[in-house]
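Please open the model in your viewer and keep the selection panel at hand, since this tour moves from one selection to the next and says what is to be found at each stop.

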Amino acid sequence: MSDKNEKTNAPAPEQKETYSLNDDRRVKVLSPGALVAKRFFRNTLSVVGLVMLIVMFVFSFVGGFISPYGEDEIFYTYTDMKKNYVSATENKVFRYQSADGQSFSSTLQAKFQLAYNQKKDSFEYQGVNYDVEELGKDFYAISANGTELAIAYQDIVNAPDDGDAVSYAVKRAALQAYTNGENSFSLDGRTYKIDKDSNVTLGGKDIAYISRFIVQAAEPGINITREFKERLEDAINNKDEEFRFTDESGEEAVYALEYKPDSMTWNILQDKSTYVKDTYGAPSKAHLLGTDGNGMDMLTRLMYGGRVSLVIGFIVVFIAAFLGVLFGGISGYFGGWVDNLIMRIVDVFYCIPSTPLIIILGAAMDAMQVEPRIRMLYLMLILGFLSWPGIARLIRGQILSLREQEFMTATEACGISIPRRIFHHLIPNVIPQLIVICTMDLGSTILTEATLSFLGLGVKFPFASWGNIINDVNNSFVMTNYWFIWIPAGICLLITVLGFNFIGDGLRDAFDPKMKR
Amino acid sequence: MRKFILKRLALSVLILFCVTFIIYLIMRCLPGSFVESRAIQLSTAPGAKPYEEWLAQLNAMYGLDKNIFAGYFSWVKDFFTGNFGESWKYTVPVVEKFNDTVWLSFIMGAISFFFEIIIAVPLGVIAATKQYSRTDYAISTFALIGISLPSFFFATLLKLFFSVKLGWFDLVGLVSRNYNQLTPFGQFMDKANHLVLPIVTLTIVSIGSLMRYVRTNMLEVLNADYIRTARAKGLSERKVIYHHAFRNTLIPLVTIIGGSLPGLFSGALITEQMFGIPGIGYASYYAMVIGDIPFSMFYLTFLAVLTLLGNLISDILYAVVDPRVRIA
């Protein structure tokens, strides 16, 4: 009827003046639904809530398609990491090499060490007398009965990277010259030269080099070149903290030196870019809200998290509303012992402490290692099953008063069947209250789910949920340093729940004109 | 009245039986329970008995070898003889652990409840008297934000600003490191200092519903006929609101406040856990997570009793405060 009036009104507004005072058409007639809508939209808070919810819905459900990344797509990045490269030690112990065809056992080595410590020039072992001859600084030759058995030295003669092993004779001569500060020596009629870098050359060709440092690779696969060693030695002698070095493949890197006094070694750390998961990456153009602890795009996680939170909310409330309307309707309409029984069940459910119970169930699912997808399903069922009693109580109360009203007597008089009476005449009258309580419940369900996921007992990785995103703050380093991980998720949660509450509040006032608001 | 109370009490006991049975059933049926994980742990020790033997021994030790009904009845029997068992996690009698922790929770709850009332009631009244004004919108929004705020998020925000950025409070715990060196007054102040943020969290998170309740009831009263009469006879607005309207709002208010008194003992699970306050919520959280049946049963039963008690108190208060209410 109202539609008809408006249609006739619209084309000829000038006729309005001719209507008589009590003409119906002077009054704009609105349907009850339109009245509710009008009251709803007049309320600033509910409109704000509506806008908030629309934004969050678009963000969660459309955002996932717009975002170029997947829910659990992991991003990698290059980062400069200091890795142990080599370690260098200054040699402080004697090394021995026995002469060709001779042997110098470890017992003799120990005896020599003893003699060295006591500054003796001979020692005896098993009736044999051994002579110690100092050939240079920290360089000794040991002989018995006039035959040279071995040399003991601290400066190490290394063969070049691509050269042959150094023979005993050359080694001995080179060390003798080196430890006495000479820069050349001759052996078998050939002249060897020792340059200032301690290279031993023969006719311009490197045959060995002498160094006090032992350089060891920190992990297999590191090839320590001669040049690197020299560079390192210079750095240690100059007491540099770091140096640059370009290796044979042309890669330049910075090496940092770290002296460990307890083991008297230098650790050389290589600053090298490594390919790693981009964890806790700061917000950038590619990742507007940075990346999380698993190297996933935060904004995309938030979108999918919103989807999970909202879908769980809707399904839980749907289950609760279905059970609530069913049991509340039966209880209210039939009354008597049915009502009594159902209401006592409701009382029992009311009394069960739900949060602790869900925590216990969540912990049990953890122990059973339930698959995350199945777990989500269980979570919805549990939450839905625990929250129907509130709705049932409300519906029952409404129906109890409605069924005594005249229109119900009229339906009875008309001979309408019982199911039709309940579902066509009673239930439509409780829809307003049902919508209000469901809207409010949506907010509180999302909060409960978020709390559980926050505790690690709700939605689990790889699925995102706003609650389990905030879970990262249990690590106080993340809480302090990476605001972009948890603050946006909390704000999304707040906006959504607030939106549902604003709308629920607005709807309640709109449906109940007696309260005006 | 007495008959009503007795009837309600009898019903409450019946409900309590059902609730405890359901909880017991759930706890017993859950796999991966405390005993099983304990048996796995014990059987992996070198030279230990096999898993099955340990399981059988532990089940017998913890009284889990009976079937569920027999187990439940022996639990009920123990419960009524005051034997609540020993906590598996804390390895002390349940009552002892409960006594150690519940008072802290109660103090926290009581202080935040006090603040809730002294903030929520005036604000609710103001919002109702200035309906539709900017003040009303601000207060309503504040109340709804309080309801919608996830407590763990709010607690973290507080921690970030006041503990990390400003450094006024410690991040977690009830006492500082130098607690033992402090004077008794210093120790008291130290604890008080650590309780500030948890109490603020509790207050803000739960203030909203009380505020809205006050506002709704005040609006209802302000629409009543006797208020119109009071205005018509020329009373000042002040007198109308604070003498006539507010006193009538007190009826539902006293009921709901009385009803929530038992809840002060229930502890705040999330907040206590966030701030590491060793209250009943904190203790029971860790007991529940590892499946400590005696402690969880006791705590859940305790919560159920508190709920029933709260309902009973608010029903009785309703009849006591409002003479118009007749209890059948």
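Two strands are taken to pair if DSSP finds at least two bridges between them. The model in front of you is a predicted one, and the tour begins in chain A with strands that meet this criterion.

**First stop: two hairpins in chain A**

Select residues 128-136 of chain A, which form strand E4, and add residues 139-144, which form strand E5; E4(A) and E5(A) pair in the antiparallel sense over 6 bridges. Within this pairing, Glu134(A) has Tyr140(A) of E5(A) as its bridge partner. The two strands make a hairpin with 2 residues between them, and Asp138(A) in the turn has a positive phi of about 55°.

Now extend the selection to residues 122-125 of chain A, strand E3, which runs antiparallel to E4(A) and is joined to it by 4 bridges. Here Tyr125(A) stands opposite Val128(A) in E4(A). This hairpin also has 2 residues between its strands, and Gln126(A) takes a positive phi near 50°.

**Second stop: the open sheet**

Which strand order should you look for in the open sheet of 5 strands in chain A? The order is E7-E11-E10-E9-E8, with antiparallel pairing. At the edges are strand E7 (156-158) and strand E8 (184-187) of chain A, each of which pairs on one side only. Neighbouring strands of this sheet are turned against each other by 25° on average, with direction ignored.

Next, display helix H5 (residues 168-179) of chain A, which packs on the sheet and touches E7, E8, E9, E10 and strand E11 (205-211) of chain A, while its direction makes about 150° with that of E8(A).

The pairings can then be followed from strand to strand. E7(A) and E11(A) run antiparallel and are joined by 3 bridges, and in this pair Asn158(A) has Tyr209(A) of E11(A) as its bridge partner. Between E10(A) and E11(A), also antiparallel, there are 4 bridges, with Thr201(A) set against Asp206(A) in E11(A) as its bridge partner. E10(A) and E11(A) form a hairpin with 2 residues between them, in whose turn Gly203(A) has a positive phi of about 60°. Strand E9 (residues 190-194) of chain A pairs with strand E10 (residues 199-202) of chain A in the antiparallel sense over 3 bridges, and Val200(A) in E10(A) is the bridge partner of Ile194(A).

**Third stop: domains and cores**

Colour chain A by its domain assignment, which gives domain 1 (32-75 + 287-515) and domain 2 (79-88 + 213-277). The centres of domain 1 and domain 2 of chain A, taken over C-alpha atoms, are separated by 59 Å.

Then select Ile359(A) and Ile470(A), the residues with the most contacts inside the largest nonpolar core, which has 143 residues. Leaving aside its neighbours within four places in sequence, Ile359(A) is in contact with Leu455(A) and Leu457(A), and also with Tyr285(B), Met288(B) and Val289(B) of chain B. A second, separate core of 25 residues includes Leu108(A), Phe139(A), Tyr140(A) and Val170(A); Tyr140(A) was met earlier as the bridge partner of Glu134(A).

**Fourth stop: where chain B meets chain A**

Show both chains together: 40 residues of chain B are in contact with 36 residues of chain A. Among the elements that give two or more residues to the side of chain B that touches chain A are helix H1 (2-29), helix H12 (280-289) and helix H13 (293-321) of chain B. The residues on that side divide into 29 nonpolar, 10 polar and 1 charged.

For a closer view, select helix H9 (residues 354-368) of chain A with H12(B); the two pack at an angle of about 35°, and their axes are 8 Å apart. In this contact Pro356(A), Ile359(A), Ile360(A) and Ala363(A) of H9(A) meet Ser284(B), Tyr285(B), Met288(B) and Val289(B) of H12(B). By class, the contact has 7 nonpolar, 1 polar and no charged residues.

How many of the 10 residues of H12(B) are buried? The helix is mostly covered, with 9 of its 10 residues buried, including Ile280(B), Tyr282(B), Tyr285(B) and Met288(B). What covers the buried residues of H12(B) includes H9 of chain A together with helix H5 (94-129), H11 and H13 of chain B. Finish the tour at Gly291(B), which follows H12(B) and has a positive phi near 80°.

How values were computed. Residues are numbered from 1 along each chain as its sequence is written. Chains are lettered from A and ligands numbered from 1 in the order in which they are written. This is a predicted model: local features need pLDDT of at least 70, side-chain atom pairs count only at pLDDT 80 or more; totals for chains, interfaces and linings use all residues. Axes are lines fitted to C-alpha atoms, for helices over the stretch in contact, and angles run from 0 to 180 degrees between N-to-C directions. Two residues are in contact if their C-beta atoms, placed from the backbone, lie within 7 Å. Ala, Val, Leu, Ile, Met, Phe, Trp, Tyr, Cys and Pro count as nonpolar, Asp, Glu, Lys and Arg as charged, and the others, Gly among them, as polar. A nonpolar core is a set of buried Ala, Val, Leu, Ile, Met, Phe, Trp, Tyr and Cys residues joined through C-beta atoms within 7 Å. A residue is buried if 20 or more other C-beta atoms lie within 10 Å of its own, exposed if 12 or fewer, and partly exposed in between; C-beta atoms are placed from the backbone. Domain bounds come from an automatic or database domain assignment.
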